[in-house]
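Me: I've just opened this one and I'm not sure how to read it. Could you walk me through a few features?

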Amino acid sequence: MRGFRILPALGALAVCLLSACIREDDRIEYVSKYKTTPYNIAVVLPMYESGEYAAHLETIAGSALYNMRKAQRYLCESGDTLGVDLNIEWYDEDGVDLDSLSSALALREDLLLVVGPLRNGNVDVMARACKSTRKPMIVPGASSENIIRRYAVTKSGDKAEKPFLWSLCETDVSQSEVLLAKAWESGAKSIALLTPDDEYGQTFYEWVPFLATELGLELSAENIYQYTDDLADRAADALKSGVDCLICAANSAKDAQTVLEERRRLSDKTPRILFSNGALSTYLLQMGELAEGAEGVAQYADPTTGFQIAYEEKYGYSPAGAEAQVYDALLLAGITAFVKNHLAQDTDPNEIIRQITSLGEEAYPIWSELGMRSLLALLSGGGDYVKLVGASGVLRFDSEACTSLVQSTYVHWMVYEGKLITLDYMSSDGSKRIASTLASWNWKVRVMEDIEDEDSPVSYGELEDSRAILVQGSSGWANYRHQADVLNVYRMLKRNGWDDDHIILIVSDELADNPKNAFPGEVRCSTYGEDLYRGAVIDYSTDTLSVSDVSDILLGRSSAHLPRVLDSSENTNVLLFWSGHGCFARGRTPNGFIWRDSEGVFSDSDFQEVLNEMFSARRYRKMLLLLEPCYSRNMAVQAEGIPGVLSIASAGAGESSFADFHSYELNLWMSDRFSNNLVTTLSANPGQTYKELYEYLYTHTLGSHVYVENSYLFGNLCKTSPEEFLFQAD
C-alpha cells in the first residue's frame with residue numbers, strides 16, 4: 001500500500017449509533033468474541049431545528065452507518081478478530097454555545113474527529129478552535145470561499161502547515177457559476193443579486209459580479225442587494241429592479257419564503273428567481289401554492305452513483321439538502337478509524353484522510369454496503385488505495401489547499417405540483433457538463449480592447465523628478481491588510497533607491513504596537529513575510545487627516561496642519577497608490593473611497609476635480625494611479641480625458657477587491673491580492689510593459705477584474721513601461 005502499510009488481517013468495523021436513528025430491522029448483532037477498539041467522533045449538525053430537515057439528517061446518518069455495519073459483517077464472518085467502534089456524540093449546532101463546545105472538542109485527545117458543523121458561520125467558529133490542535137473536521141458543506149481560503153494549507157518549506165478542515169463540496173464560487181450559467185441559458189441579459197450580509201452570502205456578493213462580467217451579463221452596482229433583518233424590503237427592491245433574472249442566495253427556505261411572498265404581493269411573475277442551495281428543503285413543500293414553480297441549484301448527490309435512486313426507494317422522497325455530503329462524511333470517519341486502528345495510535349488522522357482521498361486511480365463506489373465491503377476487503381488484504389466515490393461523487397480534495405473537493409455536482413431543482421423535481425444536473429467536471437452550458441465554463445482571459453499598439457497624441461518633456469503618495473484610507477485593527485498593502489509598496493520603492501523626502505506616507509499608525517499584534521512592533525503582508533514597518537518614515541496618520549486634507553496634499557496646499565504636501569512640477573512623475581475601502585453610488589452615498597471607514601467619502605467628483613486641477617496647474621509630467629479598494633473602477637474612470645494620467649483599478653464598478661494571506665495568529669487578513677500581485681511582478685520585472693503588467697494582474701487577481709483607464713491619452717502601453725515610476729529620478 002502506498003504511504004501506509006496496513007497489517008494483512010484487519011478487523012471488523014462495528015459502528016454504534018443512537019437508537020432513534022436506526023430502524024429496529026436495521027440492527028446487526030455482532031458476536032461478543034470480536035474485540036473492538038472504540039473511537040469517539042462528534043457530529044455537530046442542526047439536528048433539532050424545527051421542520052423536517054433535521055429528521056432528514058438523522059435518517060441519512062442512520063443509513064450511512066447501517067451500511068457500514070453490514071459491510072463489516074462479511075469481515076467478521078471471515079474470522080477477523082480486531083474491530084473498531086465509532087461512538088457518536090450528537091450536538092445541535094444551533095442549540096449549544098458553539099464557542100465553548102469548539103474549544104472543548106478541539107482539546108479532547110479521546111476524540112478522533114468532528115463531523116460538521118453544517119452552516120458556514122458555525123464552521124468558521126469551530127475551525128478557529130480546531131486549527132490550533134489540528135483536530136480533523138469533516139464538514140458536509142463549508143462552501144464559503146473565505147472560509148476555504150482562511151483555512152487552506154500553507155506549503156512553504158519548513159513552515160508548511162498540515163490540513164485539518166475537509167469540506168465535502170466546492171466553494172460557492174462554483175455555485176455562483178452554475179446559477180449564472182442557468183440565467184445565461186434562459187436568455188437573460190441582465191441580473192440582480194440578493195444575498196445575506198454574512199459569511200455564507202459573502203462569496204456570492206464578491207464573486208457573482210466578477211462572473212457575470214465574464215459571461216456578458218449586465219449586473220449594475222445598484223442591483224446588488226444585501227440583507228440582514230430587512231429581507232422583505234430588499235427583496236421588493238430587487239424584484240422591482242427591471243432585470244431579467246434575480247439570483248437569490250437565500251440563507252434558508254424561510255428566507256426563500258419571504259422572497260416569494262414579496263413576489264406574490266407585487267403580483268408580478270418577473271423577474272425569474274433562481275435560489276441558491278440554502279433554499280432547498282422539504283420546508284418548501286409546506287408552503288403550498290406559494291412555492292409552486294420555485295427553482296434553484298444546490299450541491300447534490302452525483303446522479304451516476306445511484307445514491308438518489310436508492311434513497312428514494314428506501315424513504316419515499318428525494319434528498320433535499322446535504323444528505324449525500326453528511327453520508328460521505330460519516331463514511332470517511334469510519335474508514336479513517338479503520339485505517340488508524342491498524343497503525344500506531346499516534347498516527348495523524350488528517351494524514352490518513354489525505355492519503356485515502358488522494359492516492360489511487362481505480363474508482364471504488366463506497367456509499368453502498370457492497371462497495372464498502374469491497375473497499376474494506378481490499379484494505380484488509382494490504383491492497384493499494386483507490387479513488388473513493390461516495391454518494392456525492394469522487395472524494396478527492398484539492399492537492400494544494402486540501403480543504404475542499406475538486407469537483408461537485410449541482411442539481412437544478414424545481415417545485416412542481418407540490419413535489420421537488422430534478423430538471424438537470426451540472427458538474428464542475430467539464431466532461432459531465434451539459435452541452436448547452438459547456439461554453440460558459442470555458443472562459444478565457446481576454447485583454448481589454450483599449451490596450452492597443454498605438455501611439456498617444458500626448459508628448460512629454462524631460463523627466464527631472466519623481467514623487468509618490470501612498471495612502472491607507474481606512475483605520476483600525478480589522479483593516480490591517482490596508483496598511484500592509486501601503487507599506488509593501490513603500491518597501492518596494494525604498495529597495496529601488498527612493499528616499500523618504502520624495503514619498504508621502506499616510507497610514508493609520510496603530511498596528512505595530514497594537515496589543516492584538518502577535519508580531520510586536522511589526523507589520524507583515526504574510527505570516528512569514530518580512531517586517532514592513534521597521535524603518536518606515538510615516539508622514540501622516542489617517543487619524544489626523546480629513547478627506548479635504550488629502551485633496552490639499554495632492555494639490556500642494558501646505559499649512560501648519562499640513563507641512564508636507566506634494567511638491568511637483570510639469571517635469572515630475574507622480575505615483576499615487578491607495579488602499580482601503582470603496583463604495584458605489586446608492587441613495588446619498590456616492591462612488592468613492594471611504595475615509596476612515598465612516599468619516600466621509602473621497603468621492604469620484606472630488607477625485608476628478610483634483611485631477612483636473614493638477615493638470616491645469618501643471619503639477620505632473622505623468623501620473624500613475626494604482627487603486628486597490630473595492631469598486632475602484634468608479635474612481636479610475638475619473639482620469640478619462642485628462643492627458644498624462646493612467647489609472648489601474650483592482651476591481652470593476654460593482655466588484656469587491658479580495659483580501660489575501662489569512663493569519664491565524666492575528667485572526668485577520670494580512671494583505672490584498674491586487675497589491676501583492678502588483679509588488680510581486682514589479683519587483684521581479686520592473687522593465688515589463690504596461691500591457692504585460694496588466695496581463696499579469698488580470699490573470700493573477702482572482703475574483704475581480706483589473707481595469708486600465710485613459711491609456712490613449714497616456715502612451716502606447718505595448719511599448720512603454722512603469723519602470724520610470726519605480727525608480728526615483730535623479
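Reply: Sure, starting with strand pairing: two strands pair if DSSP finds at least two bridges between them. Helices (H or I, at least four residues) and strands (E, at least two) are DSSP runs, numbered from the N terminus. Keep in mind that this is a predicted model, where local features need pLDDT of at least 70 and side-chain atom pairs count only at pLDDT 80 or more, while totals for chains, interfaces and linings use all residues. Residues are numbered from 1 along each chain as its sequence is written, and side-chain values use heavy atoms, leaving out hydrogens and water.

Me: Okay, so how many bridges join strand 12 to strand 13, and do they run parallel or antiparallel?

Reply: In general, strands of a sheet pair through backbone hydrogen bonds, in either of those two ways. Here, three bridges join strand 12 to strand 13 (residues 387–390), and the two run parallel. Look for tyrosine 364, which stands opposite leucine 388 in strand 13.

Me: What is the strand order in that open sheet?

Reply: The order is 12-13-14, three strands with mixed pairing. Strand 12 (363–365) and strand 14 (393–394) are the edges, as each pairs on one side only. Helix 12 (residues 369–380) lies across strand 12 and strand 13, at about 130° to strand 12. For that angle, axes are lines fitted to C-alpha atoms, for helices over the stretch in contact (heavy atoms within 4.5 Å); angles run from 0 to 180 degrees between N-to-C directions.

Me: Why is helix 15 called largely enclosed?

Reply: Buried means under 20% relative accessible area, exposed over 50%, and partly exposed in between (1.4 Å probe, protein chains only). Eight of the nine residues of helix 15 (residues 547–555) are buried, so the rest of the structure largely encloses it. Its cover includes strand 17 (465–472), strand 20 (572–579) and helix 16 (604–616). Just after helix 15, glycine 556 takes a positive phi of about 75°.

Me: Which residues have a positive phi although they are not glycines?

Reply: Two to look at are glutamate 417, at about 50°, and tyrosine 631, at about 60°. Glutamate 417 sits in the loop between strand 15 (409–416) and strand 16 (419–427), and counts as exposed at 61% relative accessibility. Tyrosine 631 is in the loop between strand 24 (622–627) and helix 17 (633–636), but counts as buried at 7%.

Me: And where is the cis peptide bond that involves proline 117?

Reply: That bond runs from glycine 116 to proline 117, with omega near 0°. Proline 117 lies in the loop between strand 4 (111–115) and helix 3 (120–133).
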